[in-house]
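User: Hi! Could you walk me through this model? I'd like to start with the ground rules and then poke at a few spots.

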Amino acid sequence: MVQKYQSPVRVYKHPFELVMVAYEKRFPTCPQIPVFLGSEVLRESRSADGAVHMVERSCRLRVEAPRLLRKIAGVEHVVFVQRNILNWKERTLFIEAHNETFASRVVVKESCSYRVHPENEDWTCFEQSASLDIRSFFGFESALEKIAMRQYTASVKRGKEVIEHYLNELISQGTSHIPRWTPALAREEDAPSQAGQREPNSLEVCGLGSAQDPAPESVSTDGDKLDADYIERCLGHLTPMQESCLVQLRRWLQETHKGKIPKDEHILRFLRARDFHLDRAREMLCQSLSWRKQHQVDLLLETWRPPALLEEFYAGGWHYQDIDGRPLYILRLGHMDTKGLMKAVGEEVLLQHILSVNEEGQKRCEGNTKQFGRPISSWTCLVDLEGLSLRHLWRPGVKALLRMIEVVEGNYPETLGRLLIVRAPRVFPVLWTLISPFINENTRQKFLIYSGSNYQGPGGLVDYLDKDVIPDFLGGECLCNVPEGGLVPKSLYLTEEDQGHEDQLRQWREAYCSASVLRGAPHEVTVEILERESVITWDFDILRGDVVFSLYHAKQAPTPGPPRASGQLTDRGWALGADFSCVEAPLICREGESIQGSHVTRWPGVYLLQWQMHSPPTSMACSLPGVEDVLTSLHSPGPRCKLLYYYEVLASEDFRGSMSSLESCASRFSQLSAATSSSSAPSHSSSLVSR
């Protein structure tokens, strides 16, 4: 594989002529570059008027490699041939170099250029590119590639320092100005002969005349090239290879992409997301650009206006910046009725709103970069989970959240600088188990999670936010204008008559099973648990009537018996306390309610989720109906209840793994993890009603 390097444009704030004198001081040896052992001139020639000067040198470089590799190769230094073409008239210097040592096994090519800055003729621009192609090297190809690129990037970094060293040396010696080249006055009698003849040793004879010179590329102000000082000032510190990847990817986009070229900050995020692997970053960025074009995301901030309902009930908004100058976004997720919002505006509207938040975040980062005079490419998100409950585990809502995470991860990588999660309740690990596999590992490392009041005091929010911007609802003194959220009235939910939402409503229905419950004939679902500390989660809506929900544990699955009502699995041969036990206190659920809950299992075996018609308190007990009751209910007309339900089992390994991930994420989560996953603690379970 060919390794390539492309530098950004580096600027010396000195005239071209002075930079050339400093450059020549690097030869024949350069103490500032220890690996450069020396050089000798192989060929040299000048044009007739002295404007063009060509020098070809043989340069020896010490091999900085392990002793074993040097012994196998049989060399202590390598030879490069460097060819310089200096044009005083055009004020350009072009340099080409290639290796002679091991040329049949390893091909190294380098090209550099010095030219006058297009906007300031007293400044000089420098640019270089190189390629490394290791065809074979005694089985050490991979090791040699790493050594070569490490040594090359080190010399690249050192190159500008060396030129600046000699520039300072010249200035300190009183040489701060070198006159520009001017043509010598030709004698009249020589003019005809000069017009019709060429010097035998001229560059034209060698095929190196001005017609053959590479066409100088201008460093234009429209941003077709990147300036190293601009990178440092606006994008942050990058290694030479990271700079190279940015320049190469940007140049590739300019040559191939027909649409709008993304900003450098945007390109850099994709490179960081793929650890500066150029091909993978290019593929990811191309997919994102195609997605942006398809969905017209570039116009989103101009065209998107959130519905009034969303502005009232979506509990999120921008709030100043964190201690590092990153824009701060606050999300009061625990106060937000995610299920109600989904049912009132639909998944697509919520997704559009999330995308607009990300677009606004990028815009604010650019503004803060200018305001604070340093690169700011990501923002901080503060998530308050007070009030988070099992209603947030509504299955279609979780699926929509996973989709949004996937879209954001794929199109806004490396935009989250830090995620502060405060007041995390006991139910949070269940939600975390569901969503964490879809979050990039690099992103998870940016999470800081606090339970209870651990966010207060040293080590808490004061480490990341100035005291005067900590929101009032978290004990600060700053008034926060983020909406408080609250339950969305069911009267605002989408209905079958709402045009354009039929598919959304159908998808929600398809995610659930429907069931009817008759008096004396409950609906039951068997769940087999293979290991303790698995988590059973449930979510159901009561469409008609009142029901009682219970959860049982049995040592073995029910056996086939006499005919039963559809959905019933148990028979009266079971004895409470012997064959089965009630592990969830019966919960009365009224018509129109939405119920979510979870149960951390203490034993393996069979668990039964049961819904039975609500009876007066005197007859409601933790018991299973008999066969006669079922048959009676089938033959006697009576009321029936209807419900939609969904359940899921989180494996013990996944659940415990999520807790380990959280614990490694932040030690401040110890209280929550102890309360949720302690093996010695009793089974944890809870249900919540969203009215």
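Analyst: Happy to; below we go through a helix, some charged pairs, a few strands and some backbone angles. This is a predicted model, in which local features need pLDDT of at least 70 and side-chain atom pairs count only at pLDDT 80 or more, while totals for chains, interfaces and linings use all residues. Residues are numbered from 1 along each chain as its sequence is written, and side-chain values use heavy atoms, with hydrogens and water left out.

User: Great. How many residues does helix α8 have, and how far does it reach?

Analyst: Helix α8 covers residues 278-295, which is 18 residues, and reaches 26 Å from its first C-alpha to its last. That is close to the 26 Å expected at 1.5 Å a residue. The expected span is 1.5 Å times one less than the number of residues. Helices here are DSSP runs of H or I with at least four residues, strands are runs of E with at least two, and both are numbered from the N terminus.

User: Which residues of α8 are buried?

Analyst: They are Leu278, Ala281, Met284, Leu285, Ser288, Leu289, Trp291 and Arg292. They cover an arc of only 160° around the axis, which puts them on the same side of α8. The arc is taken from the directions from the helix axis to the C-beta atoms. Buried means under 20% relative accessible area, exposed over 50%, and partly exposed in between, using a 1.4 Å probe and protein chains only.

User: And what's on the face turned away from that side?

Analyst: That face of α8 carries the exposed residues Gln287, Lys293 and Gln294. As for the buried side, what covers it includes α6 (240-256), α7 (264-273), α12 (347-372) and α13 (395-411).

User: An arginine in the buried set caught my eye. What is Arg292 in contact with, beyond its sequence neighbours?

Analyst: Leaving aside neighbours within four places in sequence, Arg292 is in contact (heavy atoms within 4.5 Å) with His266, Val297, Asp298, Glu359 and Tyr412. Its relative accessible area is 8%. The side chains of Arg292 and Glu359 are joined by a polar contact of 3.0 Å. A polar contact is a pair of N or O atoms within 3.5 Å; within protein, one must be able to donate a hydrogen and the other to accept it, and residues adjacent in sequence count only if both atoms are side-chain atoms.

User: Switching to charges: how many salt bridges are there?

Analyst: The count comes to 34, where a salt bridge is a side-chain nitrogen of Lys or Arg within 4 Å of a carboxyl oxygen of Asp or Glu. One of them pairs Glu127 with Arg251, the closest N and O atoms being 3.2 Å apart. This pair links distant parts of the chain, with Glu127 in strand β8 (residues 124-134) and Arg251 in helix α6, 124 residues apart.

User: Are those two buried or exposed?

Analyst: Glu127 is buried at 7% relative accessibility, whereas Arg251 is partly exposed at 26%.

User: Which residues make up a salt-bridge network?

Analyst: Arg326 and Asp324 form a salt bridge at 3.6 Å, N to O. Salt bridges with shared partners join Asp322, Asp324, Arg326 and Arg418 into one network. Within it, Arg326 is buried at 19% relative accessible area, while Asp324 is partly exposed at 34%.

User: On to strands. How does β7 pair?

Analyst: Strand β6 (residues 92-99) and β7 are antiparallel over seven bridges, and β7 is joined to β8 by 11 bridges, again antiparallel. Strands count as paired if DSSP finds at least two bridges between them. Lys109 in β7 is the bridge partner of His98, and Cys125 in β8 is that of Arg115. Eight of the 11 residues of β7 (residues 106-116) are buried, so the strand is largely enclosed by the rest of the structure.

User: Last one: where is there a cis peptide bond?

Analyst: A cis peptide bond joins Phe27 and Pro28, with omega about 5°. Pro28 sits in the loop between α1 (16-24) and β3 (36-46).

User: And which residue in the loop between β5 and β6 should I look at?

Analyst: Try Arg91, which lies in that loop, between β5 (77-87) and β6. Its phi is near 60°, a positive value in a residue other than glycine. Arg91 is also buried, at 9% relative accessibility. For context, most residues other than glycine have a negative phi, and most peptide bonds are trans.
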